[in-house]
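Trainee: I keep running into labels like "buried" and "salt bridge". Could we go through where they come from?

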Amino acid sequence: DGGARVEGDKVVIKATDNSTNFNVAGASSTGPDIAVGISVPVNFSTRLVYAGIGVGPDGTVLESEDNQVIDANTLTIEANNSARDIAVGVAGARTKAAPPPGEQEEEDFDTGLAEFLSSDEEFDEWLKQKDIEAEQKKTEAAEKEAAGGAGNDAKTKTGWAVAGTAALNLSLGNTTLAEIATRSLVNLNNSGAASVLASNSGISAASTGSLALGTNGEQDTRALAGAFSIVVDTRDVIARVQSATLRAGSLSVKAQDDALAVNIAIGGAGSNKGSVAVAGSVAVATLTGETLSEISDAVLFTDALTLDATDASLTIAIAGAAGINLDKEKGTGAGVAIAVNSVLRGAETRITPDSYVQAGAFSAKASTSNDIFAFAISAAKGQKGFGGSLTVNTLSADAKVRIGGLTDEDGNALPRLTVTADKIDITVSEN
């Protein structure tokens, strides 16, 4: 914190999060008339990966007693978030016809037990009695059917095979912060180098698959399958120097976002005798936040100053759905797939007007090269077939370099910024 003083040759302060949050949920169901399988995996995470000097426990910028907090040859501050949050959900449901009475295989536990406990003559009599009972059941079933009953098992007129899964991966308040935040002097001897780096290379993924099959050929079976995959990530990647007086041969302040977000949702429904086989899948990713490199209320003396904010994140959404109905008389098959990406985050490099910079070479860069891919595929087969796919990509990823020019809450201009340099290079790119 700000009350400490560190002297040495090389000072290195690092914080890294390599944790893995892996969540799997699955469900399966089988029945002659109704089968339902539902699974919902949920990941919820809030992360702060912090590396820095000068900030007290309550977040306030402190000051050392002798007005100097670092006296070294080199200073390296790095915060890296490479955590992995993964949620996987699978669900299956199947209806299939039960064997008619008298045709079930009963030579399992009961038969084995009778054979073990009985003599050969007694076991033969036991088998004859089982045959007689099976014939009686067949006769009773035939009489019920002839009388207008529902046959051997009074089946319901409509069967249902329903499978659904939803995976939610929620990373709210995901911050990676590297900073020098002190009202004291940071002094690097012998033209030493200072580096402040915040980087995010984490992975946030959600994957779902559902399958509903109606294979009971003795009744109208409706097969419904749904798969939903949702990723929400509010992440900030910040590297900054605030309030400090720093003397160094070179200073680099860099924020880098290389995070990966992946969404996959696949649904399938099929029926060999049924009025409806419908499958739907939805994959949605929403990403917000900022990548920021900043000098705020600081006094810098350096031969080379480099500020860099780069957002090179990758976002992928894949949705697939297939509804197959093989009923030759009335079957309807439908598949609908929707993939949506919304990326509302940019990269900014700025120096606030209350700062003073004296540098030999000064470089300020902000770039965004976000890659966003959305794929949706659907298939349908039946006497009536309906297939539909929708993909939506929304991107708002501004790249900005702001040197001074800021205003307060009332819109008034803040004090003028002073920058003295032999060479100034300002680069803004959006790819």
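Trainee: Which residues are linked in a network of salt bridges here?
Mentor: Asp-233, Arg-235, Asp-257, Asp-311 and Arg-345. Keep in mind that this is a predicted model.

Trainee: What makes Asp-311 and Arg-345 a salt bridge?
Mentor: Set the value against the cut-off. Their N-to-O distance is 2.9 Å, and a salt bridge needs a side-chain nitrogen of Lys or Arg within 4 Å of a carboxyl oxygen of Asp or Glu. So the pair gets the label. As a general point, side chains of opposite charge can pair when their charged atoms come close.

Trainee: Which parts does that pair tie together?
Mentor: Asp-311 is in strand S16 (residues 299–311) and Arg-345 is in strand S18 (residues 332–351), so the bridge joins parts 34 residues apart in sequence. Both Asp-311 and Arg-345 are buried, too.

Trainee: How many salt bridges does the structure hold?
Mentor: There are 11. Among them is Asp-17 with Arg-47, whose closest N and O atoms are 3.0 Å apart. Asp-17 belongs to strand S1 (residues 6–17), while Arg-47 sits in the loop between strand S4 (42–45) and strand S5 (48–53), 30 residues apart.

Trainee: Why is Asp-17 called buried?
Mentor: Its relative accessible area is 17%, and buried means under 20%. So Asp-17 makes the cut. Arg-47, with 12%, is buried as well.

Trainee: What about Glu-179, buried or exposed?
Mentor: Buried, because its relative accessibility is 2% and the limit is under 20%. Glu-179 also forms a salt bridge with Arg-240, with 2.7 Å between the closest N and O atoms. That one links strand S12 (residues 220–242), home of Arg-240, with strand S8 (residues 158–181), home of Glu-179, and the two residues are 61 apart in sequence.

Trainee: How do you know that Asp-85 is buried?
Mentor: Its relative accessibility is 3%, and under 20% counts as buried. Asp-85 lies in strand S7 (residues 84–96). Beyond residues up to four places away in sequence, Asp-85 touches several others, including Asn-21, Arg-47, Asn-169 and Ile-203.

Trainee: And what makes Asp-120 exposed?
Mentor: Its relative accessible area is 60%, and exposed means over 50%, so the label fits. Asp-120 is in helix H2 (residues 120–146).

Trainee: Which residues gather with Asp-120 in a patch of negative charge?
Mentor: Glu-121, Glu-122, Asp-124 and Glu-125, on the surface. Why negative? Because Asp and Glu count as negative.

Trainee: Why is Ala-379 called partly exposed?
Mentor: Because 35% falls between the two limits, under 20% for buried and over 50% for exposed. Ala-379 lies in strand S20 (residues 371–381). Leaving aside neighbours within four places in sequence, Ala-379 is in contact with Ala-321, Ala-322, Gly-323 and Gly-335. Ala-379 and Gly-333 are 46 residues apart in sequence, yet 8.7 Å apart from C-alpha to C-alpha.

Trainee: What does the protein chain look like overall, in helices and strands?
Mentor: The protein chain has two helices and 23 strands. Of its 431 residues, 45% count as buried. Among contacts with a separation of 6 or more, 87% come from residues 24 or more positions apart. The chain exposes about 20,100 Å², with 52% of that supplied by carbon and sulfur atoms.

How values were computed. Residues are numbered from 1 along each chain as its sequence is written. This is a predicted model: local features need pLDDT of at least 70, side-chain atom pairs count only at pLDDT 80 or more; totals for chains, interfaces and linings use all residues. Side-chain values use heavy atoms; hydrogens and water are left out. Patches are made of residues with over 30% relative accessible area and no salt bridge: like charges are joined within 9 Å, nonpolar side chains (Val, Leu, Ile, Met, Phe, Trp, Tyr) within 5 Å. Accessible areas come from the Shrake-Rupley method with a 1.4 Å probe; for residues, only the protein chains shown count as cover. The place of a charge is taken as NZ of Lys, CZ of Arg, CG of Asp or CD of Glu. Helices (H or I, at least four residues) and strands (E, at least two) are DSSP runs, numbered from the N terminus. Buried means under 20% relative accessible area, exposed over 50%, partly exposed in between (1.4 Å probe, protein chains only). Contact means heavy atoms within 4.5 Å.
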